[in-house]
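Here are a few friendly notes to read alongside the model, meant for someone opening it for the first time. Take them in order, and keep the 3D view at hand.

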Amino acid sequence: MTATDVMTTSALPQVTLTLEGVTTYVRMRKLLRPVILDVGFFVRPGEIVGLVGESGSGKSMTARTIAGALPRGAVAEGVVGLGEENLLTVSRRRRREVQGKQIGMIFQDPKAYIDPLWRVEVHMTEGMRVHLGLSKSEARARAIDLLSAVGLDQPERRMRQFPEELSGGMLQRVMIAGALSVEPSILLADEATTALDVTTQAEIVSLLGRLRAERGLSVLFITHDLALADQICDRICVMYAGRIVEVREGRGIFEDPLHPYTKDLLAARPNIRKRVARLPVIKGTPTSAMDAPSGCAFHPRCRFAVEACTTTFPQLTAVSGGFVRCIRAGEQLWSEPRAEKGQTASETEGNSAAGG
Ligand SMILES: Nc1ncnc2c1ncn2[C@@H]1O[C@H](COP(=O)(O)OP(=O)(O)O)[C@@H](O)[C@H]1O
Ligand code: SF4
Ligand SMILES: [Mg+2]
């Protein structure tokens, strides 16, 4: 059985969303250039799966491929499985229908997606009227319940307000309530808390956790912030240069990272419990899928690269509790003891791993 088989549908009795071998190209000067390559993962009902990686690694393009919100001229191939259907091969009309009803999406900047001229009520009820066929009064009643469920006080008053009258955190709650209004199978949250202050960020993360527990909501939680992913995710997929390079269950990537990139990402994140003179950064600059070098895409930045890494393409390989894409994954590349529970591997090494 290959890594792809294990990671995706065939071995799993119940999944909400499956991606198998998904490659997406954008059109640049008439040429198709890849932005994500052979991406595969699954989300079960009630699971929150994290997609993490540096800027440009392909996280948003993965979400946009699932949601059918690609830039003009882009092409996606592979399987985006929702229910029994592959959204990449059904008719355009069916795809729109499924994507509008079964996939909710929330973004970093709700202001960019909520029409400033619409009262909250219009934003909240439109999807329910179009996709669920509810009457105006039914949709209104449900909208009030949902605003209350996402923790907004005075929901009736909020319905009458315009976006500019609400704070960023309140607007994000409106966006979540709006996304949930059509009872989607999955919520895609793309950097949904990044623009918020730390307290509001924590509140929104805990809201998603509560919605998962209460409603069995499935979430693809996209973030560059590993600490946030650690708080809420059941499984984490790490992306680099448009590909998944590590997938681990639970706190696997924090307790025992296997890919050198994951290891460096952990070391480079701020540690609020430890003061360091200089925050380590991952050396070199990230590469995109379209500019990736031969062999392992991470090799120009990797502290553990050997000659073979420049020529051998690493496959995603099964390991205990996940998958890793590194030809040296079987070796003990770093020697520090494994982290205690509740402590990350990067903390055990004093945040010095990524220096070069
Ligand atoms: N609208 C677009 N047209 C062409 N290329 C794009 C567009 N948006 C993003 N890209 C490219 O796709 C790659 C992945 O970007 P993205 O998915 O936005 O990364 P992330 O969300 O991980 O920061 C990057 O190389 C980026 O330059
Ligand atoms: S394959 Fe080589 S270059 Fe790539 S992550 Fe592994 S050791 Fe580093
Ligand atoms: Mg993004």
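1. A good place to begin is the pair formed by strand E3 (residues 48–52) and strand E8 (residues 218–223), which run in the parallel sense and share 5 bridges. To find the register, look for Gly 50, which stands opposite Phe 221 in E8. Please keep in mind throughout that this is a predicted model.

2. Now widen the view to the whole sheet. It is an open sheet of 8 strands, and reading across gives the order E6-E7-E8-E3-E9-E10-E12-E11, with mixed pairing. At the edges sit E6 and strand E11 (317–319), each of which pairs on one side only. On average, neighbouring strands of this sheet are turned by 25° against each other, direction ignored. As general background, strands of a sheet pair through backbone hydrogen bonds, either parallel or antiparallel.

3. Edge strand E6 deserves a closer look. Which residues of strand E6 (residues 103–106) lie on each side, and are they buried or exposed? Ile 103 and Met 105 are on one side, Gly 104 and Ile 106 are on the other, and all of them are buried, so both faces of the strand are covered. In a regular strand, side chains alternate between the two faces of the sheet. The partner of E6 is strand E7 (residues 186–190), joined in the parallel sense over 4 bridges. Within that pairing, Ile 106 has Ala 189 of E7 as its bridge partner.

4. Next come two helices. The axes of helix H8 (residues 168–180) and helix H9 (residues 198–215) come within 10 Å and cross at roughly 15°. Angles under 35 degrees count as roughly parallel, and H8 and H9 are therefore roughly parallel to each other. The crossing of H8 past H9 is right-handed. On the H8 side the contact is made by Gly 169, Gln 172 and Ile 176, and on the H9 side by Thr 200, Glu 203, Ile 204 and Leu 207. Sorted by class, this contact has 3 nonpolar, 3 polar and 1 charged residues. The spacing is worth noticing: an α-helix has 3.6 residues a turn, so residues three or four places apart point the same way.

5. Gly 168 is found in helix H8. Is this glycine buried, exposed or partly exposed? Gly 168 counts as partly exposed because it has 15 C-beta neighbours inside 10 Å. Leaving aside neighbours within four places in sequence, Gly 168 is in contact with Ala 195 and Leu 196. Its C-alpha atom is separated by 8.1 Å from that of Lys 111, although the two residues are 57 apart along the chain.

6. Helix H2 (residues 59–67) is mostly covered, with 8 of its 9 residues buried. The buried residues include Lys 59, Met 61, Arg 64 and Ile 66. Just after the helix comes Gly 68, whose phi is positive, near 70°.

7. Finally, turn to strand E1 (residues 17–28) and strand E2 (residues 31–43), which pair in the antiparallel sense over 9 bridges. Where does Tyr 25 find its bridge partner in E2? That partner is Pro 34. E1 and E2 form a hairpin with 2 residues between them, and Arg 29 in the turn has a positive phi of about 45°.

Key
Residues are numbered from 1 along each chain as its sequence is written. Chains are lettered from A and ligands numbered from 1 in the order in which they are written. This is a predicted model: local features need pLDDT of at least 70, side-chain atom pairs count only at pLDDT 80 or more; totals for chains, interfaces and linings use all residues. A residue is buried if 20 or more other C-beta atoms lie within 10 Å of its own, exposed if 12 or fewer, and partly exposed in between; C-beta atoms are placed from the backbone. Two strands pair if DSSP finds at least two bridges between them. Axes are lines fitted to C-alpha atoms, for helices over the stretch in contact, and angles run from 0 to 180 degrees between N-to-C directions. Angles under 35 degrees count as roughly parallel, over 145 as roughly antiparallel, 65 to 115 as roughly perpendicular and the rest as oblique. A crossing is left-handed if the near helix is turned anticlockwise from the far one by less than a right angle, and right-handed if clockwise. Two residues are in contact if their C-beta atoms, placed from the backbone, lie within 7 Å. Ala, Val, Leu, Ile, Met, Phe, Trp, Tyr, Cys and Pro count as nonpolar, Asp, Glu, Lys and Arg as charged, and the others, Gly among them, as polar.
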